[in-house]
Amino acid sequence: ASPWGRLATTLESELVVSLLAPRHGERVLDIGCGVGTHLQLFRHQGLDVTGLDASAEMLEAARGRLGAGVPLHLGFAEHLPFDDCEFDLCTLITSLEFVADAAQALAEAARVARRRVLVGLLNPYSPHGLECLVRGLVGHGVWRQARLYSPWQMRRLVVRVLGPLPLRWRSALVLPPAVSQ
């Protein structure tokens with residue numbers, strides 16, 4: 001709700017949409033959808049949205065945000081309950097940081113996506129990433145269990161799991177809040 005938070009959300013949303021390059025009516029699966037923020041964004045882009053999360057509480061919050069008409073599934077990114085190529089697009093936005101097996105989750109996303117997979121990561125070398133790492137070190141909430149990937153680590157993981165693919169990298173937030181305002 002802060003000015004910085006609104007700016008961060010706007011910049012991230014614009015970046016996600018530009019990289020995903022969705023076409024009206026396409027089916028998108030948001031893996032690790034959390035409270036449904038990105039599902040809401042995708043629905044506003046005219047996409048047919050589906051979400052999956054391992055937390056029943058997060059899915060309940062997403063239902064409150066999105067209404068009953070959006071399919072939301074309780075499950076794990078490493079074992080998606082969907083057919084091959086069932087979705088046009090798949091997203092894993094700050095999701096691989098919280099899975100037990102990131103390689104398996106990435107392989108599953110590629111399996112169910114027909115056109116494109118978008119991975120949004122929280123760079124541990126960014127100011128926000130460093131803040132989250134410190135929170136984890138002092139035992140704060142979900143950050144205790146998070147594993148943050150640098151862009152270089154993620155590139156190696158993608159190549160190892162999916163082979164050499166055309167990859168596009170962008171960053172939405174590179175400066176600390178005080179400098180960016």
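## Exercises on a predicted α/β chain

The buried residues of helix α4 (residues 102-112) are Ala102, Ala103, Ala105, Leu106, Glu108, Ala109 and Val112. Keep in mind throughout that this is a predicted model.

### Exercise 1: around helix α4

Work out which elements help cover the buried residues of α4, what sits at its start, and which β-α-β unit it belongs to.

Solution.

Step 1. Look at what packs over the buried residues of α4: the cover includes β1 (27-31), β4 (87-93), β5 (113-120) and α6.

Step 2. Go to the start of the helix. There, Asp101 puts a side-chain oxygen within 3.3 Å of the backbone nitrogen of Ala103, and Ala103 is itself one of the buried residues of α4.

Step 3. Now check the strands on either side in sequence. β4 and β5 run parallel and are joined by six bridges; for one of the pairs, take Cys90, whose bridge partner in β5 is Val117.

Step 4. Put the pieces together: β4, α4 and β5 form a β-α-β unit, and it is right-handed.

### Exercise 2: following β2 both ways

Find how β2 pairs with β1 and with β3, and say which helices lie on the two crossovers.

Solution.

Step 1. Start with the strand itself. β2 covers residues 48-53, and five of its six residues are buried, so that the strand is mostly covered.

Step 2. Turn to β1. The pairing of β1 with β2 is parallel and has five bridges, and Ile31 has Leu52 of β2 as its bridge partner. Between these strands the chain passes through helix α2 (residues 37-44), in a right-handed β-α-β crossover.

Step 3. Turn to β3 (residues 72-74). It runs parallel to β2, with three bridges between them, and Asp53 stands opposite Leu74.

Step 4. Name the second crossover: helix α3 (residues 56-66) sits between β2 and β3, and this β-α-β unit is right-handed too.

### Exercise 3: a charged residue in a loop

Is Glu26 buried or exposed, and what does its side chain reach?

Solution.

Step 1. Place the residue: Glu26 is in the loop that links α1 (3-20) to β1.

Step 2. Apply the cut-off. Buried means under 20% relative accessible area; Glu26 has 7%, so it counts as buried.

Step 3. Follow the side chain, which comes to 2.8 Å from the backbone nitrogen of Arg23.

Step 4. List the contacts beyond four places in sequence: Ala21, Leu47, Asp48, Asp88, Leu89 and Arg115.

### Exercise 4: positive phi without glycine

Take Ala21 and Cys85. What is the phi of Ala21 and of Cys85, and where does each residue sit?

Solution.

Step 1. For Ala21, phi is positive at about 50°, although the residue is not a glycine. Ala21 belongs to the loop between α1 and β1 and, with 33% relative accessibility, counts as partly exposed.

Step 2. For Cys85, again not a glycine, phi is positive at about 55°. Cys85 is in the loop between β3 and β4, and its relative accessible area of 36% makes it partly exposed.

### Exercise 5: a tryptophan after α6

Which residues does Trp169 touch beyond four places in sequence?

Solution.

Step 1. Find Trp169 in the loop between α6 (151-162) and α7 (177-180).

Step 2. Check its exposure: Trp169 has 32% relative accessibility and therefore counts as partly exposed.

Step 3. Read off the partners: Leu121, Pro151, Met154 and Arg155. In the case of Pro151, 18 residues away along the chain, the C-alpha atoms are 8.1 Å apart.

### Exercise 6: the whole chain, and how far to trust it

Describe the chain's overall make-up, then pick out where the pLDDT stays under 50.

Solution.

Step 1. Count elements: the chain has seven helices and five strands, in the order α-β-α-β-α-β-β-α-β-α-α-α.

Step 2. Consider burial and contacts. Of 181 residues, 40% count as buried. Among contacts with a separation of 6 or more, 64% link residues 24 or more positions apart.

Step 3. Add the surface: about 9,900 Å² is accessible, and carbon and sulfur atoms account for 56% of that.

Step 4. Check confidence. The average pLDDT is 86, and 86% of the residues score at least 70. Over residues 176-181, however, pLDDT stays under 50, and the model has six contacts beyond four places in sequence for that stretch. Where pLDDT is low, the predicted coordinates should not be read in detail.

Key:
Residues are numbered from 1 along each chain as its sequence is written. This is a predicted model: local features need pLDDT of at least 70, side-chain atom pairs count only at pLDDT 80 or more; totals for chains, interfaces and linings use all residues. Side-chain values use heavy atoms; hydrogens and water are left out. Helices (H or I, at least four residues) and strands (E, at least two) are DSSP runs, numbered from the N terminus. Buried means under 20% relative accessible area, exposed over 50%, partly exposed in between (1.4 Å probe, protein chains only). Contact means heavy atoms within 4.5 Å. Accessible areas come from the Shrake-Rupley method with a 1.4 Å probe; for residues, only the protein chains shown count as cover. pLDDT is the predictor's confidence in each residue, from 0 to 100. A polar contact is a pair of N or O atoms within 3.5 Å; within protein, one must be able to donate a hydrogen and the other to accept it, and residues adjacent in sequence count only if both atoms are side-chain atoms. Two strands pair if DSSP finds at least two bridges between them. A crossover is right-handed if, with the strands pointing away from the viewer, the path from the first strand over the helix to the second runs clockwise.
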